[in-house]
Amino acid sequence: MIVRIMGEGQLNVADGHFAELNTLDDELLAELESGDEEGFRRTLGALLDAVRRLGAPLPDDALEPSELILPGEDASLDEVKEMLSDDGLIPG
């Protein structure tokens with residue numbers, strides 16, 4: 001799956017890694033709902049780090065459609081809330 005981190009670029013992440021990413025996404029959703037700014041920052045950083053670690057970066061000139069778009073590390077609680085679906089940032 002092609003994942004875009006806003007402000008950074010795209011990575012190709014194998015479907016087999018989404019269980020790990022969904023665990024972090026669930027934590028992030030709980031922190032958003034409770035307004036836990038510190039936990040939100042920590043978990044958003046961990047989620048983005050996991051995508052970077054597990055994904056293979058696409059070349060800057062690649063024109064692949066992103067199947068999933070994640071906020072950048074500096075996104076606010078409100079900005080991320082606007083991006084959420086019922087499942088969080090990552091469907092499933």
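Start by selecting Glu 79: with a relative accessible area of 44%, Glu 79 is partly exposed. You're looking at a predicted model, by the way. Glu 79 sits in helix α3, which covers residues 77-83. Now add Asp 74, Asp 78 and Glu 82 to the selection, and together with Glu 79 you have a patch of negative charge on the surface.

Next stop, a nonpolar spot. Pick Met 6, Ile 69 and Met 83, which make a surface patch of about 250 Å². Click on Ile 69 and you land in strand β4, residues 68-70. The relative accessibility of Ile 69 is 43%, so this residue counts as partly exposed.

Now for the strands. Show residues 2-5 (β1) and 9-12 (β2) as a cartoon: the two pair antiparallel, over 4 bridges. To see one contact up close, select Ile 5 and look across to its bridge partner in β2, Gly 9. The hairpin has 3 residues between these strands, and Gly 7 is worth a click there for its positive phi, near 85°. Then bring in β3, residues 56-57, which runs antiparallel to β2 and is joined to it by 2 bridges. Here Asn 12 has Ala 56 in β3 as its bridge partner.

Time for the charged pairs. The whole structure holds 6 salt bridges. Put Glu 8 and Arg 52 on screen: their closest N and O atoms are 2.6 Å apart. Glu 8 is in the loop between β1 and β2 while Arg 52 belongs to helix α2 (residues 37-54), so this salt bridge ties together parts 44 residues apart in sequence. Both ends are partly exposed, Glu 8 at 43% relative accessible area and Arg 52 at 27%.

Keep Arg 52 selected and add Glu 73, as these two side chains also meet in a salt bridge, at 3.2 Å from N to O. This pair links distant parts of the chain, 21 residues apart, with Glu 73 in the loop between β4 and α3 and Arg 52 in helix α2. Glu 73 is partly exposed at 40%. Add Asp 49 and you can view one network, in which salt bridges with shared partners join Glu 8, Asp 49, Arg 52 and Glu 73.

Last stop: Glu 31 and Arg 42, a salt bridge whose closest N and O atoms are 3.8 Å apart. Glu 31 is in helix α1 (residues 18-34) and Arg 42 in helix α2, so the pair ties together parts 11 residues apart in sequence. Which end is buried and which is exposed? Glu 31 is buried, at 10% relative accessible area, whereas Arg 42 counts as exposed at 51%.

Conventions. Residues numbered from 1 in each chain as written. Predicted model: local features only at pLDDT ≥ 70, side-chain atom pairs only at ≥ 80, totals over all residues. Heavy atoms only, no water. Patch = residues over 30% accessible without salt bridge, like charges linked within 9 Å, V, L, I, M, F, W, Y side chains within 5 Å. Areas by Shrake-Rupley, 256 points an atom, 1.4 Å probe, with all protein chains shown as cover. Salt bridge = Lys/Arg side-chain N within 4 Å of Asp/Glu carboxyl O. Lys, Arg positive; Asp, Glu negative; His and termini not counted. Charge placed at Lys NZ, Arg CZ, Asp CG, Glu CD. Buried < 20%, exposed > 50% of the residue type's maximum accessible area, 1.4 Å probe, protein only. Pairing = 2+ DSSP bridges.
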